[in-house]
Structures are given as C-alpha cells and as structure tokens.
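Reader: Please take a close look at one part of this protein, the place where its domains meet. Keep it brisk.

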Amino acid sequence: MNILAIDTSCDDTCISILKVKNQKSKTVEFNILSNIVSSQIKIHQKYGGVYPTLAKREHQKNLMPVLKRAIKKANLLKTSKNQKPNINLIAVTVGPGLDPCLWVGVNFAKALGYFWQVPIIPVNHIEGHVLVNFLTKSDDNFQKSFPAICLVVSGGHTQLILMKKISNYKIIGETRDDAAGECFDKTARILGLDYPGGPAIASEALKLSITKDQSLIRLPRPMINSKNYDFSFSGLKTAVLYDFKKRPEKIRHSRKYISEMAKEIQQTIIDILIKKTIKAAKDYKVKSIILGGGVAANKELRKQFKERIKKEIPSIKYYLSNTGYCTDNAAMIGVAGYFNQKKSTKNWRKIQVNANLRI
Ligand code: KG4
Ligand code: ZN
C-alpha cells in the first residue's frame, strides 16, 4: 500500500510517500519512497517567528511543486499525464497548528482525494510526532512497548502523554504557558540569534569552552520539583531578558556572554524535560519512553536523556528517531495515517480542520 502524506501545519510544506509492507502481520514495514520538506525559514527569519498569512501563501505556492517532486522521487510518475499515480491512501494533518495553513493542506488533500478517488485519513500532528518513532522499528514488536510515556516537545507544544497503546492517549502534563521550542525561539531572539532559536542556541552553546561550573549565569528551573507533570517556560524567558538587560552593553553583546547564556538556556530546558519525563515514567511504571517534536532534535538533549535513562531506569526501552524525523515532516503523518486507517473516508466534506486539536 502506498500512502501520500501532507503536512502544512506550520511553516514547512511537507509531502511524503510511504510504501507499507507486512500489513497483516504484527510487524509493519515502512519504506520511505520520498520525503520532501520545503522550508520557509528564510521568509520568517526577519520576523523572529512564523508569520501565519505569509506561511499560508507559501504553502499555496509550494504544494504543487512539492507534490510533483515527491511523486517523481518515489518513481510514481506516469508516462501519460492524466494518469493517477499509484497511491492508495492520503493522510493529512488536520490539527493542531495554524488554522489558515492547515486549511491549505486539507483542501489540497480533498481535491486529490476527490479526483483520484482515494480515501483520506485526518491525522493529528502530535500523534505524528509520537508514531514516527515506529518508522524504522519494523523488526521490533513495538506492541510490547506499552504503556509508554511520550514527551512531545515542539514549537507549539510541550506535553507528557501516557500511551496505553496506539490510539489510546492521555495527556498527564503540559506547559501552562510557552512551549519548550517557543522558549528556545524567544530567548534566541533576546540574544539576537536567528530563528528558529533551538538550533541557533545549540550551535552557540557549542562554542563555549568553559565548563558548567565556571559559568556566571544560573537560570531558575521553573516547576522542576512540582508534584505534577506540568511545565512552565515563560518565567525562563523573563529571567533571560532581565539578565541580558542588567549587563553592560559591551558584555551582553560579547560572544562569551551569548554563548554562556545559550548554554545555560539549553541546559535549563534539558534539566526540566528530563526530570519530569523520568518522574512520569517511574510513577506510571511504563515499559518505554518515546520522544518527539522539533526540540527532540537537540543533540545535547538526546545525549543527556540517554545517559539519564540508562542510569536511573535501565530496564526501560527508549525511542528517539533520527533528527530529520523529529522536526516537522510528512513521513510522520504517513505513519500516523497508517495506524488510523479506521478514520479514512471518501466523503471529503466530513474532513474539518481543528487548530486546537488535542491528542
Ligand atoms: O516540531 P517542530 O518542527 O514544529 C512544530 O510542530 O512546532 O518544532 C519546531 C521547534 C522550534 O521551536 C525550534 O526552535 C525547535 O523545534 N528546534 C530545536 C532544534 N531544532 C528545532 N530546539 C532545540 N534544538 C534543536 N536542535
Ligand atoms: Zn511539529
């Protein structure tokens, strides 16, 4: 079966084609025929964040060329121009995300579904960030991994989810204000670094040679010891702003200060995410921890997460996909679509966008 997956939830126009094998057995095999991500970063960089109307316009411009590239890369281009490519299902993100952007992708999927007479599966973007971890685990009987604790950390979300099995989720904690990725983006902006802030802060932090103990900067770790599984990152952003403002001009624009602050911001976010996730995993006695979302692409977070799990809960299985599948892509929507085939419909009128969709 070939699934064509579309994601336009934020600022990347993503189309992927997956070939799914062994559908009847317990182990599924996903073969990525193409995975195109057309980034809009350069367009939004001057605004320091995503500008929704611009993002919508770019999706409208990009979808057709991205579709053509995806079909060509997958080797599904037909010699006769009007022939339908070999696609059996269309998976599309219906939320959460930016409402005008989501509609562009959903309407495109509806048009394709209607003309090709192919069913459409509405997909939750957050579930995509979770299930992409099963993309390369075809030889692994992943059904034995549940219950699991999933940490989804992206630009718009920071959620701890108890997953009893595929399609059975319960949010046990989430951010009360800013998301972890948003915190990276906003603090990077204070420091005069580029958007997206996460990779910019990570590369700035790498430039620092002094050890953590010698650093002059110590940021608060909001809610790190709270009894619940919630997060709060807006206070961190304010603390960075105060520290930045109180420094003399010469210091705060120095490379040393910026790198030191970048390293402390990154470490603060890592400390909070790891502590809360491990606490949830222990409390719920889960069999695995699953990480997803753009922030999970952070190298230092990945390294420290692995070390801490190995040290504190070595019996637990740990899922973390390649960095390219942590940030937004449509392969993750294809995988989530596959597991949600029950929801597929040829009645395109039924498919609605929900910008605030919850898992
Ligand atoms: O999942 P994603 O691509 O889009 C959303 O669904 O929001 O996540 C984007 C977020 C941005 O806030 C970006 O700064 C952050 O992920 N991010 C990172 C890294 N790469 C992307 N944060 C920390 N380190 C990274 N390497
Ligand atoms: Zn995302």
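Into which domains is the protein chain divided? Then walk me along the contact between them.

Author: This is a predicted model. The protein chain splits into domain 1, covering 2-131 + 326-350, and domain 2, covering 140-320. Domain 1 is thus written as two segments. Taken over C-alpha atoms, the centres of the two domains lie 28 Å apart. Domain 1 brings 21 residues to the contact, and domain 2 brings 26 residues.

Now the area. About 1800 Å² is buried between domain 1 and domain 2. Carbon and sulfur atoms give 68% of that area. On the domain 1 side, three residues stand out: Ile 126, Val 130 and Cys 326. Together they supply 30% of the area that domain 1 buries against domain 2. No other three residues supply more.

Next, the polar side of the interface. The rule finds 0 salt bridges between domain 1 and domain 2. Polar contacts do occur: 5 residue pairs, both members at pLDDT 80 or more, reach across the interface.

Which elements carry the domain 1 side? Helix H1 (41-45) and helix H4 (125-131) are the elements that give two or more residues to it. H4 gives the most, with 5 residues. Ile 126 and Val 130, two of the three residues named above, fall within the 125-131 span of H4.

Last, the make-up by class. The side of domain 1 that touches domain 2 holds 10 nonpolar, 8 polar and 3 charged residues. That listing sits beside the 68% from carbon and sulfur and the 0 salt bridges across the interface.

Notes
Residues numbered from 1 in each chain as written. Chains lettered and ligands numbered in written order. Predicted model: local features only at pLDDT ≥ 70, side-chain atom pairs only at ≥ 80, totals over all residues. Heavy atoms only, no water. Domains from an automatic or database assignment. Contact = heavy atoms within 4.5 Å. Buried area = accessible area lost by both parts, 1.4 Å probe. Salt bridge = Lys/Arg side-chain N within 4 Å of Asp/Glu carboxyl O. Polar contact = N/O pair within 3.5 Å; in protein donor to acceptor, adjacent residues only side chain to side chain. Helix = DSSP H or I, 4+ residues; strand = E, 2+ residues; numbered from the N terminus. Nonpolar A, V, L, I, M, F, W, Y, C, P; charged D, E, K, R; others polar.
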